[in-house]
Structure formats: C-alpha cells, structure tokens
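Subject: Structure for you to look over

Dear colleague,

I am handing over the structure we spoke about, and below it I have set out what was found. Please read the notes with the structure open beside them.

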Amino acid sequence: MTKTVYQDSVIEDFVSKIKFDAQGLVPAVAQQWDTGKVLMLAWMDKDAVGATMRTGDVTYWSRARRELWRKGATSGHVQELRGIVLDCDGDALLLQVDQTGPACHTGAASCFFTVTAGMPGEVS
C-alpha cells in the first residue's frame, strides 16, 4: 500500500473545518493504520496539515523549536499517511499512518508505554 495524498481543493475544504486553538494548533494522534496501535500525540498547524495531505509524509509543528518537522527526517523513522480524520468537535485529528521504526524519540514503538500501577499493560 502506498501513502495517501490529496488534491489542493480537498485539502482546503478539510482544513477549513478544523478548529485550531488560540496558537493556531490542533492535537494530532498518530495511529498505526493496520493494527490500530496508538503511536504518539503531536501538534499540527495549517501548514503541517497541508504538507502532510499534499505529500503523504506526516509533518508536525514543533512547539519547542517553533518550526515544521517531517517525522523521521533525521531518524529515518518516518510516518506515511494512510488517512486523516477530524473528530466530531473539529478540534482533534486522527492520523492513520504506516510507521517505519519506532514512533517515540525514546526508541519505544509507541510514546504510550508508561502504565498506572494495577493496569494490565501497554495500550493498543
């Protein structure tokens, strides 16, 4: 399966429905498309959403560096877009991706690996 890309008219329509916060950002949850495993949470601005939908290479907004960053640009642990879904309130995105290598900067497959005492284990 190959990454998903969209035409500009589709991108413009989709972006117009997103309710960005006061900083112009929206939370984006990345999920492995074929297993449903939750990989990470990051932030996107309009440019990141557009770049992601236009190229199929997932691009986020780094709040720390205050710049766009394509996931895996330096590590090689890229995310290829398979689908993008807006939640019912319009204020959060679900990115269905094909992850190469670990998603987390710690080297873990997912950023969600710290469990509360008594919980059964890793979230899927």
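In which strand is T59 found? T59 is found in strand β3, and before going further I should say that the model it belongs to is a predicted one. With a relative accessible area of 9%, T59 is buried. If residues up to four places away in sequence are not counted, T59 touches M44, A48, A51 and T52, and also L68, W69 and R70. The C-alpha atoms of T59 and Q79, which are 20 residues apart along the chain, are separated by 8.6 Å.

To place that strand in the whole, the chain has 2 helices and 6 strands, and their pattern along the sequence is α-β-β-α-β-β-β-β. The radius of gyration is 14 Å, close to the 14 Å that the globule rule gives for 124 residues, so the chain is as compact as a globular protein of that length. The C-alpha trace spans about 45 × 30 × 30 Å along its principal axes. Of the 124 residues in the chain, 37% are buried, and among the contacts with a separation of 6 or more, 50% are accounted for by residues 24 or more positions apart. The chain exposes about 7,200 Å², of which carbon and sulfur atoms supply 53%. As for charge, there are 12 positive and 15 negative charges, and their mean positions lie 3 Å apart.

One of the residues that T59 touches, W69, also takes part in an aromatic pair with Y60. A search of the whole structure finds 1 such pair. Its ring centres, those of Y60 and W69, are 5.2 Å apart and the planes stand at 40 degrees; because an angle between 30 and 60 degrees counts as neither stacked nor edge-to-face, the pair is described as tilted. The two partners can also be set side by side by accessibility: Y60 counts as buried at 0% relative accessibility, whereas W69 is partly exposed, with a relative accessible area of 23%.

In the loop between β3 (59-62) and β4 (67-70) lies R66, which you may wish to inspect for its backbone: its phi is near 55 degrees, a positive value in a residue other than glycine. R66 counts as exposed, at 63% relative accessibility.

Two further residues show which parts of the chain meet across the sequence. Q31 has its place in strand β1 (residues 26-32) and, at 17% relative accessibility, counts as buried. Leaving aside neighbours within four places in sequence, Q31 is in contact with G36, K37, V38 and L39, and also with L94, L95, Q96 and V97. The last of these, V97, is 66 residues from Q31 along the chain, yet their C-alpha atoms are separated by 6.0 Å.

T100, for its part, lies in the segment after β6 (93-99), and at 41% relative accessibility T100 counts as partly exposed. Its contacts, again leaving aside neighbours within four places in sequence, are with G76, H77 and V78; of these, H77 is 23 residues away in sequence and 4.9 Å away in space, C-alpha to C-alpha.

With best regards

Terms used: Residues are numbered from 1 along each chain as its sequence is written. This is a predicted model: local features need pLDDT of at least 70, side-chain atom pairs count only at pLDDT 80 or more; totals for chains, interfaces and linings use all residues. Side-chain values use heavy atoms; hydrogens and water are left out. Helices (H or I, at least four residues) and strands (E, at least two) are DSSP runs, numbered from the N terminus. The radius of gyration is taken over C-alpha atoms; the globule rule is 2.2 Å times the number of residues to the power 0.38. Buried means under 20% relative accessible area, exposed over 50%, partly exposed in between (1.4 Å probe, protein chains only). Contact means heavy atoms within 4.5 Å. Accessible areas come from the Shrake-Rupley method with a 1.4 Å probe; for residues, only the protein chains shown count as cover. Lys and Arg count as positive and Asp and Glu as negative; His and the chain ends are not counted. The place of a charge is taken as NZ of Lys, CZ of Arg, CG of Asp or CD of Glu. Rings of Phe, Tyr and Trp (its six-membered ring) pair if their centres lie within 6.5 Å; planes under 30 degrees apart count as stacked, over 60 as edge-to-face and the rest as tilted.
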